[in-house]
Amino acid sequence: MDLGTRLDRVESQLAIGQLPIRYALAVDSRDLDAWVACFRPDVDMGRHGSGREALRAYIEPQLRTFRASVHQICGHRVELDATDPDRATGSVYCRAEHEVGDRWIVMAIRYRDDYVRLDGDWYFSRRREQHWYAADITERPQAVAFHGWDGSGKPALPAAFPTWAPFWAQDGVTP
């Protein structure tokens with residue numbers, strides 16, 4: 001691999017590494033302009049439409065369901081595409097805390113991301129959230145079946161890891 005290619009890969013890793021941090025700061029500060037700017041301009045919102053305005057219209061009501069939040073990025077793995085230098089995927093761990101009424105909800109999250117470089121800048125192309133649990137800080141996650149925040153949904157993790165079920169199958173356990 002030539003020096004130019006290696007330098008581009010290092011710069012790409014660094015730029016992509018800033019995206020989850022920018023995302024977390026934007027959510028916690030309720031800076032919707034900065035938040036939508038983390039995503040490609042034509043982001044696909046499925047049945048909600050496409051583009052940053054559709055993204056903003058989707059996320060703003062959700063951000064109003066909790067008053068304050070703290071998103072702590074605690075691990076990020078980036079996989080640069082071997083054939084397309086403008087694409088990458090990643091997995092980000094996050095501990096998020098949310099003030100929901102008189103409760104303080106703590107979540108353990110993994111984001112599965114797709115990244116794209118457009119006109120020299122890296123963006124989220126797609127972001128999928130999976131969580132282990134959401135529980136009031138005064139509760140043990142197991143005590144609330146790992147989904148103690150109304151609307152947080154059934155946790156996807158750890159069963160979403162493709163290696164999870166085969167690992168436990170060796171013991172005859174169905175997770």
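**A helix across a four-stranded sheet**

In this predicted model, helix α1, which spans residues 3-29, lies across β1, β2, β3 and β4 and runs at about 160° to β1. The strands that α1 lies across form an open sheet in the order β1-β2-β3-β4, with antiparallel pairing. Because β1 and β4 (121-136) stand at the edges and each has a single partner strand, one side of each is left without a neighbour in the sheet. From one strand to the next, the twist averages 20°.

The pairing can be followed strand by strand, and in general strands of a sheet pair through backbone hydrogen bonds, in either a parallel or an antiparallel manner. Strand β1 (residues 69-80) and strand β2 (residues 87-100) run antiparallel and are joined by 11 bridges, and the two form a hairpin with six residues between them. Within this pairing, Arg 77 has Ser 91 of β2 as its bridge partner. Further along the sheet, 14 bridges join strand β3 (residues 103-118) to β4, again in an antiparallel arrangement, and here Met 107 stands opposite Ala 134 in β4.

The helices and the sheet also meet in the largest nonpolar core, which has 32 residues, and of these Tyr 23, Trp 35, Phe 39 and Tyr 115 touch the most other members. To this core α1, α2 (32-36), α3 (52-63), β1, β2, β3 and β4 each supply at least two residues. Taking Tyr 23 as an example, and leaving aside residues up to four places away in sequence, this residue touches Trp 35, Cys 38, Phe 39, Tyr 111, Phe 124 and Arg 127.

Definitions and conventions: Residues numbered from 1 in each chain as written. Predicted model: local features only at pLDDT ≥ 70, side-chain atom pairs only at ≥ 80, totals over all residues. Heavy atoms only, no water. Pairing = 2+ DSSP bridges. Axes fitted to C-alpha atoms, helices over the stretch in contact; angles between N-to-C directions. Contact = heavy atoms within 4.5 Å. Core = buried A, V, L, I, M, F, W, Y, C linked by side-chain atoms within 4.5 Å. Buried < 20%, exposed > 50% of the residue type's maximum accessible area, 1.4 Å probe, protein only.
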